[in-house]
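Reader: Hi! I'm new to this one. Could you walk me through it?
Author: Happy to. Here it is.

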Amino acid sequence: MNRYLYLLILCFLGPVKTAMANDALIIVANTPDASIQLTRQQVRNLFMGGALSYDLNAVALPPENHTRVLFNTKVVGLTESRIQSYWAQMRFTGRKKAPKEINNEQQVLEYLKTHQGSIGYLPAGMPLPDELTVVYQIN
């Protein structure tokens, strides 16, 4: 009986572990300095309009994109509605500009490849060309 219960539990936990592995994100930059490594706080600041010592321009996915939801949850720590509210305030006061939005992950990858100094987030496991550098990774 215990054996069947154990197998049943494994059947339910297997897909959960797979889903968690697919939720890993990488922050990728097109920069000539391949040694750059950022902290979570630096990535958050960069995507929320803050300044860094690196000259990087952030690009983001649209609000309904699953990868963006994961990024907001794991890195920014805010819900999409709070982020939209933040950017509305920043636009109104003219203090900061939201990251450029690109339609999907494949287009972000193409944009990053062709625009030096750009930075974006992608699902971990996406094949990357040599000119891009992973500057932060979160599981």
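Author: One term before we start: a contact here means heavy atoms within 4.5 Å. Also, keep in mind that this is a predicted model.

Reader: Thanks! Then what does the chain average for pLDDT?
Author: The average is 87, and 85% of the residues score at least 70.

Reader: And where is confidence lowest, and where is it highest?
Author: The low end is helix 1 (residues 2-22), with a mean of 50. The high end is strand 1 (residues 25-29), at 97. Over residues 6-11 the pLDDT is below 50, and beyond near neighbours in sequence that stretch has zero contacts in the model. The story repeats for residues 15-20: pLDDT below 50 and, beyond near neighbours in sequence, zero contacts.

Reader: Good to know. How many helices and strands are in the chain?
Author: Five helices and five strands. Going along the sequence, the pattern reads α-β-α-β-α-α-β-α-β-β.

Reader: What share of the residues count as buried?
Author: Of the chain's 139 residues, 37% count as buried. As for the surface, the chain exposes about 8,600 Å², with carbon and sulfur atoms supplying 56% of it.

Reader: What about contacts between residues 24 or more positions apart?
Author: Such pairs account for 71% of the contacts in the chain with a separation of 6 or more.

Reader: Let's switch to the helices. At what angle do helix 2 and helix 3 cross?
Author: Their axes cross at roughly 125° and come within 10 Å. Here helix 2 covers residues 40-47 and helix 3 covers residues 66-76. That angle makes helix 2 oblique to helix 3.

Reader: Which residues make that contact?
Author: From helix 2 you have Arg 40, Val 43, Arg 44 and Phe 47. Helix 3 brings Phe 71, Lys 74, Val 75 and Val 76. Sorted by class, there are five nonpolar, no polar and three charged residues in the contact of helix 2 with helix 3.

Reader: And how do helix 3 and helix 4 pack?
Author: Helix 3 and helix 4 (residues 80-93) pack at an angle of about 80°, and their axes are 10 Å apart. That makes helix 3 roughly perpendicular to helix 4. Arg 68, Asn 72 and Val 76 in helix 3 meet Glu 80, Ile 83 and Gln 84 in helix 4. By class, the contact of helix 3 with helix 4 has two nonpolar, two polar and two charged residues.

Reader: Back to Arg 40. Which residues is Arg 40 in contact with, leaving aside neighbours within four places in sequence?
Author: The list is Lys 74, Val 75, Val 76, Gly 77 and Tyr 136. Tyr 136 is 96 residues away from Arg 40 along the chain, yet their C-alpha atoms are separated by 7.4 Å. Arg 40 itself is found in helix 2.

Reader: Why does Arg 40 count as partly exposed?
Author: Because its relative accessible area is 31%, and partly exposed covers values between 20% and 50%.

Reader: Now Ile 36. Where does Ile 36 lie?
Author: In the loop between strand 1 and helix 2.

Reader: Is Ile 36 buried or exposed?
Author: Ile 36 counts as buried, at 4% relative accessibility. Leaving aside neighbours within four places in sequence, Ile 36 is in contact with Thr 31, Tyr 54, Thr 133, Val 134 and Val 135. The C-alpha atoms of Ile 36 and Thr 133 are separated by 8.1 Å, with their positions 97 residues apart along the chain.

Reader: One last stop: where is Ile 102 found?
Author: Ile 102 is in the loop between strand 3 (100-101) and helix 5 (105-114). Ile 102 is buried, with a relative accessible area of 8%.

Reader: And what is Ile 102 in contact with?
Author: Setting aside neighbours within four places in sequence, the contacts of Ile 102 include Val 59, Ala 60, Leu 61, Pro 62, Gln 107, Val 108 and Tyr 111. Ile 102 and Leu 61 are 41 residues apart along the chain, and their C-alpha atoms are separated by 5.2 Å.

Note on methods. Residues numbered from 1 in each chain as written. Predicted model: local features only at pLDDT ≥ 70, side-chain atom pairs only at ≥ 80, totals over all residues. Heavy atoms only, no water. pLDDT = per-residue confidence, 0-100. Helix = DSSP H or I, 4+ residues; strand = E, 2+ residues; numbered from the N terminus. Axes fitted to C-alpha atoms, helices over the stretch in contact; angles between N-to-C directions. Parallel < 35°, antiparallel > 145°, perpendicular 65-115°, else oblique. Nonpolar A, V, L, I, M, F, W, Y, C, P; charged D, E, K, R; others polar. Buried < 20%, exposed > 50% of the residue type's maximum accessible area, 1.4 Å probe, protein only. Areas by Shrake-Rupley, 256 points an atom, 1.4 Å probe, with all protein chains shown as cover.
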